[in-house]
Amino acid sequence: MTETLAHYKAPVVAGYPDVPLAEKQRLFDEIRGDIRFADYLYGCYECGICVAACPSARFYDFSPRRIAQAAAREDVELVYQQMQEDIWECSQCFSCLRCPRGNNPGGIITIMREVAVNNGMASAREALAGYSRIIYKIMSTGTQVSPDMLQPDAFPDWGPETGDVSTHLDLWRRALPSETLHTTSTGWAVDDKTLVELYLIWFHTGALDVIKDVDRGLHAILQEVMEERLEEEGIQI
Amino acid sequence: MASDAVLVIGGGPSGLRAAHGVAQLGIRTILVEKREFLGGTPIAENYAGLTPRGEPAEPQLRHMAELVSQEPTADVRLGTELVAFDGEPGQFRATLRSAAGEETVECGSVVVATGFQHFDPGRETQMYGYYEFPDVIALQDLESMLKDHTVVRPSNGQPPERVCFIQCVGSRDRHIGNEYCSKVCCGVASKEAIEVRQLLPNSKVYIFYIDMRMYGYWESQIYWPAQEQHHVQYVKGIITEVLPRGDRLLVRGEDTTMGRPMELAMDLVVLSVGMEPSMGTRTMAKLLGVAQNKYGFIDAVGSPLDPVVTSREGIFACGAALGPADLEDSVSSGANAAMKAAAFLRTRAGAVSA
């Protein structure tokens, strides 16, 4: 029988897919087994300094303290619940490092996210869905948000100048002092050698494989782009 | 020939108690105090009332000092520092320096009572603006005001309407390196909170804490009265930062028991600073060759059952030189060290004459 604690909302009530307890335990063991875990969690005073420092806690029902506590209590039900939503509400700014005990709730979240991604959890797919363009950009160009992505329709809250800037984007970019920033489709100029090295890193570290579990379509596109480029360089994967 | 004197270093509460204890046994006592007055940190930092009951500090400490000065076998040296030390247990030689010059005295055993200093709240990761905002003060600053019976905002001289204490400043913090609890700050802050409420009945006083540690009788002597009679507001949740907001200060934290972030405007913010080894404790430990623990306090190698013994034979330590301690602990270990130092002297004298 599952032990149910007062703070724990049953999956059927909270609205996420339930799995057997053994599976929750396995995911938790994977988190706890991470080499970084012992450096990220010592013990928690419940002083709340992390919550007060946390920008996300101001806007969401999110608490780095609850993340640290759930992990410290080895509460696999609650940790599984937090992997559905809470961990995706963190902006990974690491303001919570202010912890007097030296805990790193943001780091625990990093590990929890990686476990969610590596296990192809639905929450990871959902959380990353909005980021497919960003992931595509980073993995295919090595730069994150490119100037041409900042269109007024995508960012209506950025004010009236956004339209003007995007109309004459190339001109605005060429006004920047550094020549490597005279780009519109990438954040900055990336040379061919860097790009090839980057693709090799994605392949060899397994970073590309990780995408397969989260977004199959995106994975296929990236793989094709990279293989084609590497082939031109005469490199066989 | 073994010396017949005990050297006590430091004239604060524990040193005074140790010197008085040794002298009461009829043993020659040399009490060395760096400052020009006796009484230690409670006098130097203008403490108003003693925790827990709030008796005025100055007359109490003056009385302790008089008890020592009145003993015919006590030799009190003010404005004097130990600058060199050698010899063997039972026959130590200590060089004392004062305005009058240097003098070498013999002593059979030593009691180190060099105490603590308040944590400097401007250090390291603290983001409370102690040196930035005039209305952010520390426990001892408020003690000074309470001693004069006028609690005001340093920025404008007006009485504060909203006052808060932030606990564990410089204590229990892995980043700062002071992993220990300073023991007294919960009680001192609560005692000061009561005094502020008595002085300014219209004020609202908050204490933001991680754990309230008022063990033993301090529970009913301080904690309960603070809540029940003086309506001090205890909130479990530590403040992460203090920000200016108009002519007030905004404190940000989490009210952890309610599970929500909080932001409150304050007129006066009091930092409950913890204890660190004093410069005297650090310097004397090295000069005397006694081991220090990782925090710089003198290592109580016989703890817990023989807590005033140091790593060097014939040298004993007491009070806050051994680590955070309240007044009762300090004078108790002072008396303990006096007994150990006197007994050591007698043993050595017996051994030499036999």
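Two strands count as paired if DSSP finds at least two bridges between them. Keep that in mind as you explore this predicted model.

**Stop 1: a strand in chain B**

Select strand β16 of chain B, residues 268-273. This strand is mostly covered, with six of its six residues buried. Now show the side chains. In a regular strand, side chains alternate between the two faces of the sheet. Here B:Leu268, B:Val270 and B:Ser272 point one way, while B:Val269, B:Leu271 and B:Val273 point the other way.

**Stop 2: its partners**

Add strand β9 of chain B, residues 136-138, which pairs with β16(B) in the parallel sense over three bridges. Pick out B:Ala138 here: its bridge partner in β16(B) is B:Leu271. Next, add strand β10 of chain B, residues 162-169, which also runs parallel to β16(B), this time with five bridges. On this side, B:Cys164 has B:Val269 as its bridge partner.

**Stop 3: one residue and the core**

Which residues does B:Val270 touch? Leaving aside residues up to four places away in sequence, they are B:Ile137, B:Ala138, B:Leu139, B:Leu142, B:Val163, B:Cys164 and B:Phe165. B:Val270 is also one of the residues with the most contacts inside the largest nonpolar core, which has 152 residues. Others to highlight with it include B:Val6, B:Val8 and B:Val111. For the largest share of this core, select helix α8 of chain B, residues 327-353, which gives eight residues.

**Stop 4: where the chains meet**

Show both chains together. The contact between them takes 14 residues from chain B and 15 residues from chain A. On the chain B side, the largest share is three residues from strand β14, residues 248-255. Colour that side by class and you will find three nonpolar, six polar and five charged residues.

**Stop 5: the two domains of chain A**

Move to chain A and colour domain 1 (13-127) and domain 2 (130-232) separately. Their C-alpha centres lie 29 Å apart. Five residues of domain 1 are in contact with four residues of domain 2. On the domain 1 side, α8 (105-118) and α9 (122-129) of chain A each supply at least two residues. By class, this side has two nonpolar residues, two polar and one charged.

**Last stop: A:Val165**

Finish at helix α11 of chain A, residues 161-167, and select A:Val165 within it. Why is A:Val165 classed as partly exposed? Because 16 other C-beta atoms lie within 10 Å, whereas a buried residue needs 20 or more and an exposed one has 12 or fewer. Then draw a C-alpha to C-alpha distance to A:Tyr42: the two are 123 residues apart in sequence and 49 Å apart in space.

Key: Residues numbered from 1 in each chain as written. Chains lettered and ligands numbered in written order. Predicted model: local features only at pLDDT ≥ 70, side-chain atom pairs only at ≥ 80, totals over all residues. Contact = placed C-beta atoms within 7 Å. Helix = DSSP H or I, 4+ residues; strand = E, 2+ residues; numbered from the N terminus. Nonpolar A, V, L, I, M, F, W, Y, C, P; charged D, E, K, R; others polar. Domains from an automatic or database assignment. Core = buried A, V, L, I, M, F, W, Y, C linked by C-beta atoms within 7 Å.
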